[in-house]
Amino acid sequence: MPKYPELCVFDLDACLWDKETFELSAPPSSPSHEILGDLNGRGRGVAGVRCGNDVLRLYPGSLLALQGHADGAYPGMKVALASSATTPAAERIARAALERLEVLPGGPTVWDLLMRDWDGTDVNQIGRQPPLSSNKAETHFPRLRGATGVRYDKMLYFDDCIWYDHCEMVASSCKEKDTKWGVVTVETPSGLGEKEWRIGLEKYATMRS
């Protein structure tokens, strides 16, 4: 059986989805802001949300990963978010979008999955307002480890790394003292595609075999 991470962590902007939330003008706040579309051949559901004049959508690899997780395809794995959304407004937009974007037709939404994994507790680290910062290695990941109890060497992390090389920062700083192993990271400069998702699972399995 393949070895899966105990915790898969996703960045949001330009990684899990196709927009930078600081560039969006408003959160999706009503059903009229929901855009229906095909959910990876599983039927029609909320595939996008209107945030002012822009539509925000999950990348194909993100949807594939979350659908597989919803189906129980990755035994023992849970998911969480580590996003350094730049402003409080960007954080509000992100959280509103997560509550509306569907993984499967009729639900669960992305937020439903995040809550399911942690029995309704919000372990996600979104934003950069204190106690968070722009440095995920210093704030987001230590807080994730504390909130989830999952060791760094049992985590897999995806980030676009366009503004900062978060993957390198996290991989080099967030390590366990006993094994000297840290978070397995995958850069997604063009967003999380299906190829990047599979590469990430293979990389984790290889490095932890």
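An open sheet of five strands is the place to start in this predicted model. Its strands run in the order β6-β5-β1-β7-β8. The pairing is parallel. Two strands stand at the edges: β6, residues 125-126, and β8, residues 184-187. Each has a single partner strand, so one side of each is left without a neighbour in the sheet.

Look at the β6 edge. Here β6 pairs with β5, which covers residues 78-83. Two bridges join them, in the parallel sense. Ser83 stands opposite Ile126 of β6.

Now move to helix α3, residues 110-117. How many of its eight residues are buried? Six of the eight are, so the helix is largely enclosed by the rest of the structure. The buried residues are Val110, Trp111, Leu113, Leu114, Met115 and Asp117. What covers them? The cover includes helix α1 (60-71), strand β5 and helix α2 (88-100). So β5 appears twice in this tour: it pairs with β6 in the sheet, and it is part of the cover over α3. Just after α3 comes Asp119, which takes a positive phi of about 55°.

Next, the cis peptide bonds. One runs from Gly107 to Pro108, with omega near 10°. Pro108 sits in the loop between α2 and α3. Another cis bond runs from Pro130 to Pro131, again with omega near 10°. Pro131 belongs to the loop between β6 and α4, the helix at 140-148.

Two other loop residues deserve a look for their backbone angles. Ala14 has a positive phi of about 60°, although it is not a glycine. Ala14 is found in the loop between β1 (7-10) and β2 (34-38). Is Ala14 buried or exposed? Its relative accessible area is 11%. The cut-off for buried is under 20%, so Ala14 counts as buried.

Asn40 also has a positive phi of about 60°, and it is not a glycine either. This residue lies in the loop between β2 and β3, the strand at 44-51. Its relative accessibility is 34%. Partly exposed residues fall between the buried limit of 20% and the exposed limit of 50%, so Asn40 counts as partly exposed.

How values were computed
Residues are numbered from 1 along each chain as its sequence is written. This is a predicted model: local features need pLDDT of at least 70, side-chain atom pairs count only at pLDDT 80 or more; totals for chains, interfaces and linings use all residues. Side-chain values use heavy atoms; hydrogens and water are left out. Two strands pair if DSSP finds at least two bridges between them. Helices (H or I, at least four residues) and strands (E, at least two) are DSSP runs, numbered from the N terminus. Buried means under 20% relative accessible area, exposed over 50%, partly exposed in between (1.4 Å probe, protein chains only). Contact means heavy atoms within 4.5 Å.
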